[in-house]
2 protein chains.
Amino acid sequence: MKVLIVYAHQEERSFNRALLQRALDELAAGGHEVQVSDLYAMGFDPVASEADFFERRFPDRLQYDREQKHNHQHQSLRADIAGELDKLIWCDTLILQFPLWWFSVPAIMKGWIDRVFINGPVYGGGKRYDTGGMRGRRAMVATSTAAYDTMCAPDGLVGALDVILWPIQNGMLAYAGFQVLPPFVAWSVNFVDEATRQGYLDGYAERIRGLDATRPLFFHPLNDFGTDWRLKPDIAAATVGQRRA
Amino acid sequence: MKVLIVYAHQEERSFNRALLQRALDELAAGGHEVQVSDLYAMGFDPVASEADFFERRFPDRLQYDREQKHNHQHQSLRADIAGELDKLIWCDTLILQFPLWWFSVPAIMKGWIDRVFINGPVYGGGKRYDTGGMRGRRAMVATSTAAYDTMCAPDGLVGALDVILWPIQNGMLAYAGFQVLPPFVAWSVNFVDEATRQGYLDGYAERIRGLDATRPLFFHPLNDFGTDWRLKPDIAAATVGQRRA
């Protein structure tokens, strides 16, 4: 495998860093190629702006997605974006590893998506979901949270985990064409004992070892939708209750 | 009303800017007080880091939320955070206005949440949902998207709008204690004609005029959950199908 881990945590002595190191150890032991985008260490700029483009197709009014496409075609994207896009194209497996902040990715990782998921190679012109630019690749969310697992049950305090992660797993990863593997979650890391944390590390190592054998979550292919962008009636009837895998 | 609009768009000649201006006109006509945090114009830094704290309770290892609390108590938060927190405490109505990027807020706005929703005054120590620090205040999402409305139906291409917005409306706003008003969405702004865009502006003006009379979405109060953080059985039985308002 060629694995890209995009990682967002500020603290070298964090549990997230221990998770990252464990993944790197496992992947090295398995003989896989790995690149890491350690966003905090890189000082990654998460703010999508006109400074991202050395050329402009529409100089009068910034239309970010259209300039992404134009500047990708003209190889005039800012160097940090181009470098991250190269890693994304290179990988066959993407892992987004982050602490869950406000039920989403930290801003520095949202900016990585905003700026590197480029109109053209990643999506656009009809390319999305099973026709997305990243089709044939796999992706996985690996996250930690202060919340207990029961809080993320469908009847839990903050709502179902698949709903919380829907914008990431469906809206970013599946939309771009990735096959999305079930997420890895280390629950309540702030409050558990050392043995439980060790269990999380072992569990994560097992998930990493099984990456290429793990069955992806189900997302509907484009063909399941009609011209009104809603599920075709026969598909909808056959998949009630399966919408979120 | 005292209205804080947090706004994230790079382009002065954008439709989002026109929406912002229309809201400002309406609020001025209504005699309301308004502050705007124009994140791009401010050059707002969205990256939560140790540089946010002038003091450290735990110098050896950054625990961001605990340092938020400590530095808030000691009035040693970085000035940009303290200034935004002052606006947040000042307002009785918060509007998050942004283009929907990857089914979430732009990174610069995620960073505003990460850094300004401070452990202590906003949440923590048992304060969340109806006991959250922002209780008594109202909040609303105002967003634009390239997606068509049918794509955001429950059986639509990208999934139900309330699921897409769940991390923002439930995980950020309701969690902090806000009463969350139904979102305003300008659909498919990239592809509609001028009359439709004008209709969106008029519709937004109407929403702004009706802010204080709009019925909030339903989120369960803390008391509806048991000690296992799941809905108490009698509450769950009574609210089937109402979970998302």
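Which residues of chain A does the UniProt annotation "domain: Flavodoxin-like fold" cover? I looked this up first and noted that the annotation, taken from an unreviewed entry, covers residues 1-206 of chain A. I keep in mind that the model is predicted.

**Entry on the annotated region.** I then examined the secondary structure over residues 1-206 of chain A and found 37% helix and 15% strand. The C-alpha atoms at the two ends of this region lie 16 Å apart.

**Entry on the interface.** I turned to the meeting of the two chains. The size of an interface is often given as the accessible area lost when the parts come together. For chain A and chain B, I recorded a buried area of about 4,900 Å², with 61% of it on carbon and sulfur atoms. On the chain A side, A:Trp102, A:Asp155 and A:Leu157 lose the most area to chain B, and together they account for 18% of what that side buries. I also noted that 57 residues of chain A are in contact with 57 residues of chain B.

**Entry on polar and charged pairs.** I found 28 residue pairs in polar contact between chain A and chain B, both residues being at pLDDT 80 or more. Helix 3 (64-73), helix 5 (107-116), helix 6 (161-164) and helix 7 (166-174) of chain A each supply at least two residues of the side that touches chain B. Helix 5 gives the most, with 6 residues. By residue type, I recorded this side of chain A as 33 nonpolar, 11 polar and 13 charged.

How many salt bridges are there between chain A and chain B? I noted 2. B:Asp155 forms a salt bridge with A:Arg230, where the closest N and O atoms are 2.8 Å apart.

Methods. Residues are numbered from 1 along each chain as its sequence is written. Chains are lettered from A and ligands numbered from 1 in the order in which they are written. This is a predicted model: local features need pLDDT of at least 70, side-chain atom pairs count only at pLDDT 80 or more; totals for chains, interfaces and linings use all residues. Side-chain values use heavy atoms; hydrogens and water are left out. UniProt positions are given in the numbering used here, feature names are shortened, and annotations may be inferred rather than shown by experiment. Helices (H or I, at least four residues) and strands (E, at least two) are DSSP runs, numbered from the N terminus. Contact means heavy atoms within 4.5 Å. Buried area is the accessible area (1.4 Å probe) that two parts lose on being put together, summed over both. A salt bridge is a side-chain nitrogen of Lys or Arg within 4 Å of a carboxyl oxygen of Asp or Glu. A polar contact is a pair of N or O atoms within 3.5 Å; within protein, one must be able to donate a hydrogen and the other to accept it, and residues adjacent in sequence count only if both atoms are side-chain atoms. Ala, Val, Leu, Ile, Met, Phe, Trp, Tyr, Cys and Pro count as nonpolar, Asp, Glu, Lys and Arg as charged, and the others, Gly among them, as polar.
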